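Visitor: Could you take me through the salt bridges here, up close? I'd like to know which side chains pair up and how exposed they are.

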Amino acid sequence: MSRLSELLACSERPVVTAEFPSIDGGGLEELEKAADELRPFVDAVNATDNPSAHAHASNTSVAIGMMQFGLEPIMQVVCRDKNRIAMQADVIGASLFGVENVACLTGDDVTAGDEPEARRVFDLDSTQLIKVASGLAEGHYLSGRAIKQPPALFVGAVENPFAPPLDYRVLRALKKAEAGARFLQLQIGYYPERLEAFVRGCVEAGLTSTTALIPTVVLTKSAKALSFMDKSVPGISIPADMIARVAGAGDKDAIAEESYQLTLELSRHALSLPGVSGIHLTDFRHDGSLERLVRDLGIGPAFDPMATVAGTTTG
Amino acid sequence: MPKLLPLIEHAVKKPVWDCRMCGQCVLHSTGMTCPMTCPKTLRNGPCGGVREDGNCEVKPEMRCVWVKAEQRSHSPANPHHWEEEFNDLRPPVDNRLQGTSSWVNLVTKRDRRTPAGWQGLSREQHSAVPGASMVEVDEVASLPIGFHS
């Protein structure tokens, strides 16, 4: 049982997960530095899989490395770069080292990256991958070939409540839950009313009795960063008045503060929704704002007297 | 005839649905919108990258295949059970069927054959299921190489 799954099962407090920065070089010291920054404030951390279709140190290597430095990984697996054989091998391989949390994603298209000429794979889609990964934990590969000592896996996925077709997103989340997703980290979003409708729909459909919902917020420090996400990141749209509010805050410091306040508001709103089990943090600031945010929200291991440091098991 | 069928099927379905001859047609359950025309060939719904205007992440000028499919799945012109089947979990594509006639595969039930693990079984259990190996049609009728787009 991963620590994340235990925390979600006992649901005594909201969990805090975060995105691990991309690693390209610098050896394990680079990884350790990033792990040290996050460790006191988060329960588990996502090891990304070539985010935005840019090559980086692989999901498996970073997930395994994170464990060496006391962080519990959530290994993302995207369908863009590998076929079904390779993806199963990655999950099974990482599980040898104790990686249990797996998040199954479709993946941004190759055209979102710096090598748009690459071949896209998509041999499985994310929902199929959820079912295949769940099968590994049940003791068989997709082919049916038995795994004598199956790995303990905690399989989840991502859903985007903010992108069209909005009315269909709850059904898609349900499909993922039925395929075996036990947690859904939600895409970055700046429409609180859409999040609210989605979460309500999931609760009414009974999804939250099997599957934890974890919305995502982003720490930014400029209106430019918001505009960039709005224009360039697939599936993210930000209302113009929100960008204007941050842009019109005043000087650079005032803008950074207004950006923070916006993130804090969105976080508070997300955590106030019945059916939400925690929050996922993406930090583009790297100026201590992540710590400030969990302090202001009063959540995470730093505010849980019963908690041990993330990633250390309690037996 | 088996060699001709894929040609005929392609000639009919290409102009209407931009058919990619995956050989395991699910059009009726996807609002008569071919999921293989999605640049990511997703068969279980839209990705998270759909643009605010409902267009495709990869091809901004194109309507998202799944936005279209979802709308069309509610069409009163279709039989009612097609709408329900929209939410079915569709299995991974069998890449061996690429270029073959889905009509033939439908009749022989070849298009419904999935790996044992997809049904939650190990292989030993799978072969114990009555009829599991009833249809073993691996000799599928293929289009000539280079025919399909």
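Guide: Let's start with a term: buried means under 20% relative accessible area, exposed means over 50%, and partly exposed is in between (1.4 Å probe, protein chains only). By that yardstick D18(B) is partly exposed, at 28%, and R20(B) is partly exposed too, at 27%. These two form a salt bridge, with their closest N and O atoms 2.6 Å apart; the term means a side-chain nitrogen of Lys or Arg within 4 Å of a carboxyl oxygen of Asp or Glu.

A quick word on ground rules: this is a predicted model, where local features need pLDDT of at least 70 and side-chain atom pairs count only at pLDDT 80 or more, while totals for chains, interfaces and linings use all residues. Residues are numbered from 1 along each chain as its sequence is written, chains are lettered from A and ligands numbered from 1 in the order written, and side-chain values use heavy atoms, leaving out hydrogens and water.

Over all chains, the count is 24 salt bridges. Hop over to chain A and you'll find E291(A) bridged to R295(A) at 3.0 Å, N to O. They sit 4 residues apart in helix 11 (residues 289-297), so about one helical turn separates them; helices here are DSSP runs of H or I, at least four residues, numbered from the N terminus. E291(A) is partly exposed at 29%, and R295(A) likewise at 44%.

Helix 2 (residues 27-38) of chain A holds K33(A) and E30(A), 3 residues apart. Their side chains meet in a salt bridge of 3.1 Å, N to O, and E30(A) is partly exposed at 31%. Finally, E159(A), R169(A), R172(A) and K176(A) are linked in a salt-bridge network.

How values were computed: Helices (H or I, at least four residues) and strands (E, at least two) are DSSP runs, numbered from the N terminus.
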